[in-house]
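Biologist: Before I rely on the terms used for this fold, I would like to hear how each of them is justified. Could we go through them one at a time?

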Amino acid sequence: MSVKETGVSYYGISYPEHARKDFEEMIAHNCNAVILALTEFDIDFWFPNIIEITKVAKDLGMKVYLDTWGIGKWFGGDPPSLFLTNNPGNRQVSALTGEPLPNACFNTPAFRDYFYRTVEKLAWDVPADGFFWDEPHYALPKGIASITGGVADDWSCRCPICQKKFEEQFGYPMPKLLTPEVVQFRENEALETLRTASEKVKAIRPDAKIICCVHATQNTYYATERRGYDNWDKVGATNAFDVFSTTIINYSLPQSFFVNITKRTVDIAKKYGKGNQRWLMGYFNEPENLDRIKEIAHLYDDMGVESLFAWTYRGGNGTVLAAPHALQLWDKLGEAYWEVLSDEYKLKI
């Protein structure tokens with residue numbers, strides 16, 4: 001059995017005494033780790049209790065990872081961004097229309113300073129085991145796609161800051177077309193932001209584990225050339241990352257997709273000496289037969305997956321993105337974890 005770590009994401013609870021009960025329920029569902037999905041508001045307003053909630057999970061024997069959830073809308077996630085509210089001039093910009101988009105441009109000094117200060121604050125004060133970079137991505141403008149009815153040729157970001165940096169690096173103005181040089185620039189700048197943040201964390205907390213989770217794509221599935229993270233080798237080769245992770249796959253996709261993504265994930269991790277991580281969909285969409293969750297968990301285990309997470313706790317029960325049978329799905333996930341998690345890593349309460 002290859003799976004050593006099982007867990008779920010967790011958000012929206014701000015009191016340690018209530019979190020304890022939830023963590024105990026997670027352990028009873030055979031989770032030995034949790035990802036705390038922290039919004040900008042959480043970090044700004046609930047910071048003292050983030051520290052205490054982390055301590056509670058650690059006291060119960062769980063690993064704790066901090067997810068900068070939706071920060072700047074550069075990372076994946078549903079919550080709104082305080083940064084965008086307070087800094088409307090630091091948005092990504094459509095290349096073809098010049099329209100400002102509802103995502104922060106991480107090349108702007110304002111966003112980089114904000115993001116770096118945030119992760120340093122968390123690293124100094126929150127006794128977590130590491131950080132989870134959650135689906136970092138460029139905005140994908142919608143306007144051209146809606147006009148043409150097809151995949152958009154538009155992309156981001158072509159704001160003044162990005163144009164200036166591109167011209168400084170390549171010696172000519174940034175094109176409006178997504179040329180190979182533009183793709184290279186976008187990949188490198190995004191990874192530079194994450195690499196710097198990771199190194200700042202490790203300077204404070206050397207043992208912190210950095211997990212970088214990219215979209216689980218096969219070329220055009222997420223129009224990934226325009227999202228900016230199709231080059232898994234670049235992500236895997238980044239020394240500041242410890243774990244290479246790929247995100248959730250919808251259960252309606254064919255088995256071959258699950259096999260392909262998992263093989264590529266494990267191979268990239270091995271190639272660059274990283275740990276690996278795969279995800280299960282535990283919200284909104286659920287398989288017609290919930291035993292499919294067990295089948296996929298066993299597939300991941302057989303293919304060498306070491307860390308297995310699901311989004312989210314209790315199947316998202318009580319949210320607009322809850323699975324149709326959220327609590328039954330949650331129980332089935334717990335059964336799946338019991339079957340694939342190596343005995344030496346199971347927690348008891």
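Modeller: A crossing of two helices is right-handed if the near helix is turned clockwise from the far one by less than a right angle. Please keep in mind that this is a predicted model.

Biologist: What makes the crossing of H11 and H12 right-handed or left-handed?

Modeller: The axes of H11 (residues 255-271) and H12 (residues 291-302) cross at roughly 30 degrees and come within 10 Å. Since a clockwise turn of the near helix by less than a right angle counts as right-handed, and H11 passes H12 in that sense, the crossing is called right-handed.

Biologist: Which residues of H11 and H12 meet there?

Modeller: From H11, Gln255, Phe258, Val259 and Thr262 meet Arg292, Ile296, Leu299 and Tyr300 of H12. By class, this contact has 5 nonpolar, 2 polar and 1 charged residues.

Biologist: How do you know that S3 pairs with S2, and how many bridges join them?

Modeller: Pairing requires at least two bridges between the strands; S2 (residues 33-38) and S3 are joined by 6 and run parallel, so the two strands pair. Within this pairing, leucine 36 stands opposite leucine 66 in S3.

Biologist: What makes S3 and S6 a pair?

Modeller: The same requirement of at least two bridges applies, and S3 is joined to S6 (residues 130-134) by 3 bridges, again in parallel, so they pair as well. Here tyrosine 65 has glycine 130 of S6 as its bridge partner.

Biologist: Why is S3 called mostly covered?

Modeller: Buried means under 20% relative accessible area, and 5 of the 6 residues of S3 (residues 63-68) are buried, so the strand is described as mostly covered.

Methods
Residues are numbered from 1 along each chain as its sequence is written. This is a predicted model: local features need pLDDT of at least 70, side-chain atom pairs count only at pLDDT 80 or more; totals for chains, interfaces and linings use all residues. Side-chain values use heavy atoms; hydrogens and water are left out. Axes are lines fitted to C-alpha atoms, for helices over the stretch in contact, and angles run from 0 to 180 degrees between N-to-C directions. Helices (H or I, at least four residues) and strands (E, at least two) are DSSP runs, numbered from the N terminus. Contact means heavy atoms within 4.5 Å. Ala, Val, Leu, Ile, Met, Phe, Trp, Tyr, Cys and Pro count as nonpolar, Asp, Glu, Lys and Arg as charged, and the others, Gly among them, as polar. Buried means under 20% relative accessible area, exposed over 50%, partly exposed in between (1.4 Å probe, protein chains only).
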